[in-house]
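Open the model in your viewer and keep the selection panel at hand. Each stop below says what to select and what is there.

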Amino acid sequence: MALNPRHAWLRQLAALTIVLMVWEAAGRGHLLNPLFAPSPSQIGAALVDLFGSGRIWPHLNATFTEALAGLLIGIVVGIVLGVLAALVPLIAELIEPVMTLLNAIPRVILAPVFVIWMGIGIASKVALAFILVAVLMFFTVYSGIRQVDRKLVERIVTLGGGRWELVRHVYLPAVASSVLGSLKVAVGFAFTGACVGEFVAASRGLGYLLSFAQSTYNTALMFALILLILVVVLVIFGIAGRLEKHLLRWN
Amino acid sequence: MSLVGPSGSGKSSLLRAVIGLQKPLAGTVETGLAPSEIGMLFQDDALLPWKTARENVALGLIFNGVEPPRAQEQADVWLQRLGLAGFGHRFPRHLSGGQRKRVALAQVLAMTPKLLLMDEPFASLDAIVRARIIQEVATLVERERISVLLVTHDLEEAISLSDCVYLLSQGPRAHITHDYRVPIPRPRDPVRARMHPAFAPLYEKLWNDLSREVDRDQRAESTV
């Protein structure tokens, strides 16, 4: 039977529905321990309760603020440092080893350090999201610029372009594609940073709620939160994809 | 004026030195021209892929202080002159090899250079497109009175386009071993120039001298 690729989503939806129905039936038939695997309806109820009571908003707000602030500062700092390092050898000498080191370790281990330095408020989470994103962006931009075709550079030079023109017309557009490519990863990193930071020590946020759900064995709440974070990240991926398509329309 | 010679005789290096991409190890390059009066056409049409044809052509003008809206207008004029009217909004990816070469030409010519350097500019084109572009370049260069220094492996191209052809010896320490005047009158159509009675004898002489250069080099190699 030939599968029409345009209807793939229909088949995927059908498969998902069947899985959820089997899951739900197994839950109701007491084949699954709700302490480990709550049924879809219980997870749904937890989700409805979160929004219905309005309890979720301050937490969503906190996590979003932290992740987006960390993402924004991380992207800007990462790009600036990457461009500087690629153009000024002295800066590359000083920064690259630090970045390589930061890239080699799992950066979330810095979370406790940031909590001690900046307290359990929003700042320590922004810092964690920032450091995750900035290192990624630095390497994206740094290697992106170093891989720019020499011929394009020579062309601009023979047309009378100086260093600033090279940055503006060659280097930045050339790294734009790789930056946009890693934007999705960066969004994931930013939410990782925010949630892990909240997990370690916080009084608000999705990570804090998760850690609360874990300590009270509220599995339905836990799955509801995981689902929520998934949806949030997917929505942001969608926006990043749109942006990528628009900015890279020459390709 | 054309430069021909075996590979490795430093033809490209010479052009790069003239335009300042490469510093000569010794000596200086004297053109009597400002850098903005020298243009260079490369073998590959390294256009910026993220800029449209029009934006690519306008680039050099903008670098030299022309206001962007005016530069875009002039870019359109040059695109039109090279037969690309209506292609200004296309990105290089959506142009054929010949069209990209024309955009690259428009980009250089829009700067109204007094000296145009060309480093095997037509090597990557197919025969018919190549002949057509060469004709157009010859016409434009004659009309705008631009001096041209052409580096090529193609002796026919060298003779049909030039007034003077210089033969470089095998490198390292390459030098000019022969120079030839091309007695075909101007204005000249480079395709028809090949049918001029002076063409064949000059081609034969150039070919013999060039072969001797290459042979000498191979003998030198085998004695080492």
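The tour starts with chain B, crosses to chain A, and ends at the core.

**Ground rules.** This is a predicted model: local features need pLDDT of at least 70, side-chain atom pairs count only at pLDDT 80 or more, and totals for chains, interfaces and linings use all residues. Residues are numbered from 1 along each chain as its sequence is written, while chains are lettered from A and ligands numbered from 1 in the order in which they are written.

**Stop 1: chain B.** Select chain B and colour by secondary structure. Seven helices and six strands appear. Helices (H or I, at least four residues) and strands (E, at least two) are DSSP runs, numbered from the N terminus. Along the sequence the pattern is β-α-β-α-α-α-β-α-β-α-β-β-α. Of the 224 residues in chain B, 37% are buried. Buried means 20 or more other C-beta atoms within 10 Å of the residue's own; exposed means 12 or fewer, and partly exposed lies in between, with C-beta atoms placed from the backbone.

**Stop 2: the sheet.** In which order do the six strands of the open sheet of chain B lie? The order is β2-β3-β4-β1-β5-β6 (chain B), with mixed pairing. Two strands pair if DSSP finds at least two bridges between them. At the edges are β2 (38-41) and β6 (176-181) of chain B, each pairing on one side only. From one strand to the next, the twist averages 20 degrees.

Add helix α4 (residues 97-109) of chain B. This helix packs on the sheet and touches β2 and β3 of chain B. Its direction makes about 170 degrees with that of β2(B). Axes are lines fitted to C-alpha atoms, for helices over the stretch in contact, and angles run from 0 to 180 degrees between N-to-C directions.

Now zoom to β3 (residues 115-119) and β4 (residues 147-151) of chain B. These strands run parallel and are joined by five bridges. Pick B:L117; its bridge partner in β4(B) is B:L149.

**Stop 3: where the chains meet.** Show both chains. Here 16 residues of chain A are in contact with 17 residues of chain B. Contact means C-beta atoms, placed from the backbone, within 7 Å. On the chain A side, α7 (150-158) and α8 (163-200) each give two or more residues. The most come from α7(A), with six residues.

**Stop 4: helix α9 of chain A.** Select residues 206-215 of chain A. The buried residues of this helix are A:L206, A:G207, A:Y208, A:L209 and A:L210. Their cover includes α3 (57-87), α8 and α10 (219-247) of chain A. Just after the helix, A:Y217 takes a positive phi of about 55 degrees.

**Stop 5: A:I75.** Go to helix α3 of chain A, which holds A:I75. A:I75 is buried, because 22 other C-beta atoms lie within 10 Å. Beyond its neighbours within four places in sequence, A:I75 is in contact with A:V133, A:M137 and A:A186. Measure to A:V135 as well: 60 residues apart in sequence, the two are 9.1 Å apart in space, C-alpha to C-alpha.

**Stop 6: the core.** Which residues touch the most other members of the largest nonpolar core? Select A:A129, A:V133, A:M137, A:A186 and A:A190; the core has 114 residues. A nonpolar core is a set of buried Ala, Val, Leu, Ile, Met, Phe, Trp, Tyr and Cys residues joined through C-beta atoms within 7 Å. Helix α6 (residues 122-146) of chain A gives the most, with 18 residues. Finish on A:A190, whose contacts more than four places away in sequence are A:A67, A:G70, A:L71, A:A129, A:L132 and A:V133.

Key:
Two residues are in contact if their C-beta atoms, placed from the backbone, lie within 7 Å.
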